[in-house]
Amino acid sequence: MLRSRLLWICRALPSAVLPSGCYSTAFPGMERPVESSIQLKLTQNLQPIHLEVHNESHMHAVPKGSETHFKVVVVCEKFNGMTLIQRHRLVNEALREELAGAVHALSILAKTPQQWQQNPYISQSPPCLGGSKYDQQMTSKLSNQA
């Protein structure tokens, strides 16, 4: 009961729990609160026929377990007749709190059902080039955080 209540609080108030500029890491006993919040909000706001939420934080120079870099694949009827920028704005608006708080980067693939049917391919994200975990200076900084 307490765990579900804490998860609800984290979903409802992510900017209060995690001020801008902070890393989000899962709390003991809580599974991926930011990822869960993204999934829930996109489902509620867009009613997608297909939704994928990928936490790509492990590809960047952030502490283990972070929830800072995401890719979302959203396919919904609401996107019919919208430009790509309008679709991205709709997704960004649904995730306003997460983007103002814990989420540092969000990659969006927003398609109509017809577009998805024609091409359901999801490209892999490119490797991080700035401050990546392969950068010796960032590796040193991260090891000093522990």
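Helices, written α, and strands, written β, are runs of residues assigned by DSSP and numbered from the N terminus. In this predicted model, the secondary structure comes to seven helices and three strands, and read along the sequence these follow the pattern α-α-α-β-β-α-α-β-α-α.

**Overall picture**

Of the 146 residues of the protein, 36% count as buried, and the accessible surface comes to about 9,000 Å², of which 55% belongs to carbon and sulfur atoms. Among contacts between residues at least 6 apart in sequence, 66% join residues at least 24 apart.

**The nonpolar core**

The largest nonpolar core has 18 residues, and those that touch the most other members are Ile38, Leu42, Leu46, Val72, Val74, Phe79 and Val91. Helix H3 (33-46), strand S1 (50-55), strand S2 (69-75), helix H4 (84-94) and strand S3 (105-111) each supply at least two residues of this core, and H3 gives the most, with four residues. Val74 shows how such a residue is surrounded: leaving aside residues up to four places away in sequence, Val74 touches Leu42, Leu46, Pro48, His50, Leu51, Phe79, Val91, Leu109, Ala110 and Lys111.

**Charged side chains**

Side chains of opposite charge can pair when their charged atoms come close. The count of salt bridges in this model comes to four, and the table gives three of them, including two that involve Lys41.

| Salt bridge | Closest N to O distance |
|---|---|
| Arg32 and Glu35 | 3.3 Å |
| Lys41 and Glu97 | 2.6 Å |
| Lys41 and Glu98 | 2.9 Å |

Glu98 lies in helix H5 and Lys41 in helix H3, so this pair ties together parts that are 57 residues apart in sequence. Salt bridges that share partners join Lys41, Glu97 and Glu98 into one network. Within this network, Lys41 counts as buried at 13% relative accessibility and Glu98 counts as buried at 2%, whereas Glu97 counts as partly exposed at 31%. In the pair of Arg32 and Glu35, Arg32 is partly exposed, with a relative accessible area of 43%, while Glu35 counts as buried at 16%.

**A buried charge without a salt bridge**

Glu56 is placed in the loop between S1 and S2, and this residue is buried yet has no salt bridge. The nearest side chain of opposite charge belongs to Lys71, 4.0 Å away. Not counting residues up to four places away in sequence, Glu56 touches His69, Phe70, Lys71 and Ser125.

Key: Residues are numbered from 1 along each chain as its sequence is written. This is a predicted model: local features need pLDDT of at least 70, side-chain atom pairs count only at pLDDT 80 or more; totals for chains, interfaces and linings use all residues. Side-chain values use heavy atoms; hydrogens and water are left out. A nonpolar core is a set of buried Ala, Val, Leu, Ile, Met, Phe, Trp, Tyr and Cys residues joined through side-chain atoms within 4.5 Å. Buried means under 20% relative accessible area, exposed over 50%, partly exposed in between (1.4 Å probe, protein chains only). Contact means heavy atoms within 4.5 Å. Accessible areas come from the Shrake-Rupley method with a 1.4 Å probe; for residues, only the protein chains shown count as cover. Lys and Arg count as positive and Asp and Glu as negative; His and the chain ends are not counted.
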